[in-house]
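Here are a few exercises to work through with the model open beside you. Try each task on your own, then compare your steps with the solution.

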Amino acid sequence: MAVLGWRAARDEHERARRQLEDLLFERLRDASGVAEDFIQGLQRDAELVADRLSNDHDAIRRIVRETPIVDQIFVLNTEGRLFHPDPAGPLSTSERRFLTDFGDVFLQEGAFLESPENQSYGPTIGRGWITYYQGPGLQLIYWQRTPSGEIRGILVPRARWISELIAALPEAP
């Protein structure tokens, strides 16, 4: 009788563990879907900003000042040289900090290649995300290659995207 009671308790414990595991996986799938939707929305916003960019340093600086999802913008010309912020020109404090903190990104071979799921197979069009660890943690940089071959990139403010992602996630029970 004691053995039957022990087996019943063990089976009940195993059933409860499986139910908890299933619940956790379901919650994880939900959170993953929310995060994916969030990144897609952030990408749409970044694309709209990148599409508005011109080759005017003052106009780019104005977009940086006036657009909440932009911490900094960079533009590489068709030869892959940094056009904005221009290291040889006058730099704001934030542009100088950006070049110091993220200059290595521009030196990484293949940094501006698309992930396979985003490939357009066109010779000059591309876009994607670069994740980069700097300072307090993960940084997100959205980039896109224009039909003319320039690369335009947007550093998304870390505090902003993290707080918005946390707000979008479902509350814990």
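**Exercise 1: The sheet**

Work out the strand order of the open sheet in this predicted model, and find its edge strands.

*Solution.* Step 1: Trace the five strands across the open sheet, and you get the order β2-β1-β5-β4-β3, with antiparallel pairing. Step 2: Look for strands that pair on one side only; these edge strands are β2 (82–84) and β3 (126–134). Step 3: Now compare directions, ignoring which way each strand runs: neighbouring strands of this sheet are turned by 25° against each other on average.

**Exercise 2: Strand partners and packing helices**

How many bridges join β1 to β5, and which helices pack on the sheet?

*Solution.* Step 1: Take β1 (residues 72–76) and β5 (residues 151–156): they run antiparallel and are joined by five bridges. Step 2: Pick one position to check the register; valine 75 stands opposite arginine 152 in β5. Step 3: Turn to helix α2 (residues 57–66), which packs on the sheet and touches β1 and β2. The direction of α2 makes about 150° with that of β1. Step 4: Helix α4 (residues 158–168) also packs on the sheet, touching β4 (137–145) and β5. The direction of α4 makes about 100° with that of β4.

**Exercise 3: The hairpin**

Describe the pairing of β3 with β4, and find the phi of glycine 135.

*Solution.* Step 1: β3 and β4 run antiparallel, joined by nine bridges. Step 2: Glycine 126 stands opposite arginine 145 in β4. Step 3: Two residues lie between the strands of this hairpin, and glycine 135 takes a positive phi near 60° there. Step 4: For background, most residues other than glycine have a negative phi.

**Exercise 4: A pair of rings**

Is the aromatic pair of phenylalanine 74 and phenylalanine 98 stacked or edge-to-face?

*Solution.* Step 1: The structure holds three aromatic pairs. Step 2: For phenylalanine 74 and phenylalanine 98, the distance is 6.2 Å centre to centre, with 20° between the planes. Step 3: Planes under 30 degrees apart count as stacked, so this pair is stacked. Step 4: The pair links distant parts of the chain, with phenylalanine 74 in strand β1 and phenylalanine 98 in helix α3, 24 residues apart.

**Exercise 5: The second largest pocket**

Which helix gives the largest share of the lining of the second largest pocket?

*Solution.* Step 1: This pocket has a volume of about 160 Å³. Step 2: Its lining includes Ser94, Arg97, Phe98, Asp101 and Phe102. Step 3: The largest share, five residues, comes from helix α3 (residues 93–107). Step 4: Sorted by class, the lining has four nonpolar, five polar and three charged residues.

Methods:
Residues are numbered from 1 along each chain as its sequence is written. This is a predicted model: local features need pLDDT of at least 70, side-chain atom pairs count only at pLDDT 80 or more; totals for chains, interfaces and linings use all residues. Side-chain values use heavy atoms; hydrogens and water are left out. On a 1 Å grid over the protein atoms alone, a cavity is a set of points where a 1.4 Å probe fits but cannot get out, and a pocket is an open set with protein on both sides within 12 Å along at least five of seven lines; lining residues have an atom within 4 Å of a point. Grid points are joined across faces, edges and corners, and a volume is the space filled by probe spheres set on the points. Helices (H or I, at least four residues) and strands (E, at least two) are DSSP runs, numbered from the N terminus. Ala, Val, Leu, Ile, Met, Phe, Trp, Tyr, Cys and Pro count as nonpolar, Asp, Glu, Lys and Arg as charged, and the others, Gly among them, as polar. Two strands pair if DSSP finds at least two bridges between them. Axes are lines fitted to C-alpha atoms, for helices over the stretch in contact, and angles run from 0 to 180 degrees between N-to-C directions. Contact means heavy atoms within 4.5 Å. Rings of Phe, Tyr and Trp (its six-membered ring) pair if their centres lie within 6.5 Å; planes under 30 degrees apart count as stacked, over 60 as edge-to-face and the rest as tilted.
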